[in-house]
Every structure is written in C-alpha cells, then in structure tokens.
Amino acid sequence: MVMETNNRTDGSLRISFILPVLNETYSLRQTVDTIFELARADLHEALIITAERTTPESLVVVETIKKEYGARVRVHKQTLPFLGGAMQEAFEIASGEHVMLMASDLETDPAMIPAFIDKVREGCWDIVAASRWLKGGGFEGYSKTKLILNYLFQKIFRILYRTTVTDLTYAYRLYRKSVLEPMRWEELKHPFLLECLLKPLRCGARITEIPCTWRARTEGTSAGVFIGTFAYLRIALKTRFVPAGRLRKKKRQ
Ligand SMILES: Nc1nc2c(ncn2[C@@H]2O[C@H](COP(=O)(O)OP(=O)(O)O)[C@@H](O)[C@H]2O)c(=O)[nH]1
Ligand SMILES: [Mg+2]
C-alpha cells in the first residue's frame, strides 16, 4: 500500500509567503499582487504579520488586500516583539509545506518568485536563498560602509562555516518547512534573519542560491539600526561553536 505522507496530490509546492509589515502601503500592495500573479497554484497562503506599531495606513491596505483575496490571505498580529519575533511566530503558524521568507518593502523583489520555484522543483534543496553576491545579483542604493562590512562578513563566515553560500544575510529565501520546525530560535530582532539560515546550515540542510538584486525601498525606513549590526556577530559565532544538539528543540518525552 502506498502511504500518503501529505495531502498534496496536484504537485503544488504549497508555499506560505510571510509578509511582515510596519509602514508599507503601495509596496505591500505590489508585493501581494505580484505573489498572487506569479506563484499561482504553488501559493498556499499569504501570511501578513502586523505589530502593535504597524501604521494605520498600512492596516488599511492590509484590510483591502484581505477583502480582495479572501481566505488565502491570513493576517496575524504578533505577540513576541520585533522582526525576529514576527518571523518566529510566522514559522510556527504557517500551514504550507514551504515557507517564503521575504519583506513587504520591495527590497526582496517579488518578480524573482518563479526563479525560486523552478529551483526548488529540482527536488534536492531544503533552502533556496537569494544572493546579492552571485554573478547576476547586486545592490542598488546600499551605503558604501555597509557594502564593505557586508563583504567582509560574508567572507569571514563563509570560511568559518566551511560553506559555499555567498549571502548569509539577505532574508529572501524559500524553505522546506520541515527544516525549520526542529530549530530552537533565540533572536528577536533583525539578526534572526541570519540565525534562521545558519542553524539549518549547521544541521546539514541542503542550500542553494539564485542571484538577485537588492534595491533600497522607496517608502518608509528600515526598522534595523546600524549598531544592531554587531548582534549579527554574536549569533553567528555562537551558532558556529555550540554543540549541534543545542540548536534543536528538546524532544518531548
Ligand atoms: N510585523 C513586523 N514587521 C517588521 C518588524 N520590523 C520590520 N518589519 C518589516 O519587515 C520587513 C524587513 O524589515 P526592514 O526593517 O526593512 O529590514 P532591513 O531591510 O533588513 O533593514 C519590512 O517589510 C518591515 O516593514 C516588526 O517588528 N514587526
Ligand atoms: Mg528593508
């Protein structure tokens, strides 16, 4: 007898698109419209995560989107604080088989969705990550100082983790959800976006990359603060040297 391991019978990837929102309006709208247009049958849900400080203008757009697209748009108000908290909760409640980690400020270009889908269809990848450092990718409107720091960070940690992954910090990735489920998360702020690549990497996840260009947002501002950049070093070093067993949740007895 063939055991049915999931209820997927149509070959759909069943992707939960995670969209954290603080101050985006037209950028969120364009992101959602492009997702629905390009992901088609592979879309399981668009999971919009709002916070206490999400602006009233953004909430109006969220309501309009919800009305227009119906049940495939889910809105969740986070209880944990900050961007890492939003993402941790999203991973917990996403009901698809794949999870797309992205933003709603258009810095994660939604036009790239078909490229992620084609890559994951090759069948052997747990994570498809966008890279700004691969040939064909790049940065537009990124500060020189940040670019140099980013370059050095990637170089050092690529060696430390003995990986060929070229972009560890660009939070635009398609995950097989089962690689996220066993992980024990720590970070509540932006460094979570690094943690959620490094922990699966250390646990043996098969990761590949596609080139992508990062373009600075045209509305609102980043919630990240420059000084917070140093917290990335802490989680990167800790995750590298802690025993692998401590990266996963304890199994219930
Ligand atoms: N729900 C929620 N969304 C957030 C939070 N912080 C940032 N975001 C959203 O997450 C996305 C990425 O955040 P951003 O601050 O632009 O990060 P950066 O591009 O790495 O500087 C944007 O669409 C933000 O609006 C948060 O605390 N809660
Ligand atoms: Mg951004």
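**Close-up views of the predicted model**

**View 1. The shell around ligand 1.** The largest share of the shell around ligand 1, 3 residues, is contributed by H3, where helices (H or I, at least four residues) and strands (E, at least two) are DSSP runs numbered from the N terminus. In this predicted model local features need pLDDT of at least 70 and side-chain atom pairs count only at pLDDT 80 or more, while totals for chains, interfaces and linings use all residues. Residues are numbered from 1 along each chain as its sequence is written, and chains are lettered from A and ligands numbered from 1 in the order in which they are written. Ligand 1 is surrounded by 20 residues, the closest being Pro20, Leu22, Ala103, Ser222 and Ala223, with a residue counted as near if its C-beta atom, placed from the backbone, lies within 6 Å. Strand E1 (15–21), strand E2 (43–50) and helix H3 (82–93) are the elements that give two or more residues to this shell.

**View 2. The open sheet and its edges.** Seen in sequence across the sheet, 7 strands follow the order E3-E2-E1-E4-E7-E5-E8 with mixed pairing, two strands being paired if DSSP finds at least two bridges between them. Strand E3 (73–77) and strand E8 (207–211) stand at the edges with a single partner strand each, so one side of each is left without a neighbour in the sheet. From one strand to the next, the twist averages 25°, with axes fitted as lines to C-alpha atoms, for helices over the stretch in contact, and angles running from 0 to 180 degrees between N-to-C directions.

**View 3. E1, E2 and the helix packed on the sheet.** E1 and E2 pair in the parallel sense over 7 bridges, and the bridge partner of Ser16 in E2 is Glu45. H3 packs on the sheet, where it touches E1, E2, E3 and strand E4 (98–101), and its direction makes about 155° with that of E1; contact requires C-beta atoms, placed from the backbone, within 7 Å.

**View 4. Strand E5 and its two partners.** In strand E5 (residues 127–131), 5 of the 5 residues are buried, so the strand is largely enclosed by the rest of the structure; buried residues have 20 or more other C-beta atoms within 10 Å of their own, exposed ones 12 or fewer, and partly exposed ones lie in between, with C-beta atoms placed from the backbone. Ile127, Ala129 and Ser131 point one way from E5, and Val128 and Ala130 the other way. With strand E7 (residues 173–176), E5 pairs in the antiparallel sense over 3 bridges, whereas its pairing with E8 is parallel over 5 bridges.

Conventions. Contact = placed C-beta atoms within 7 Å.
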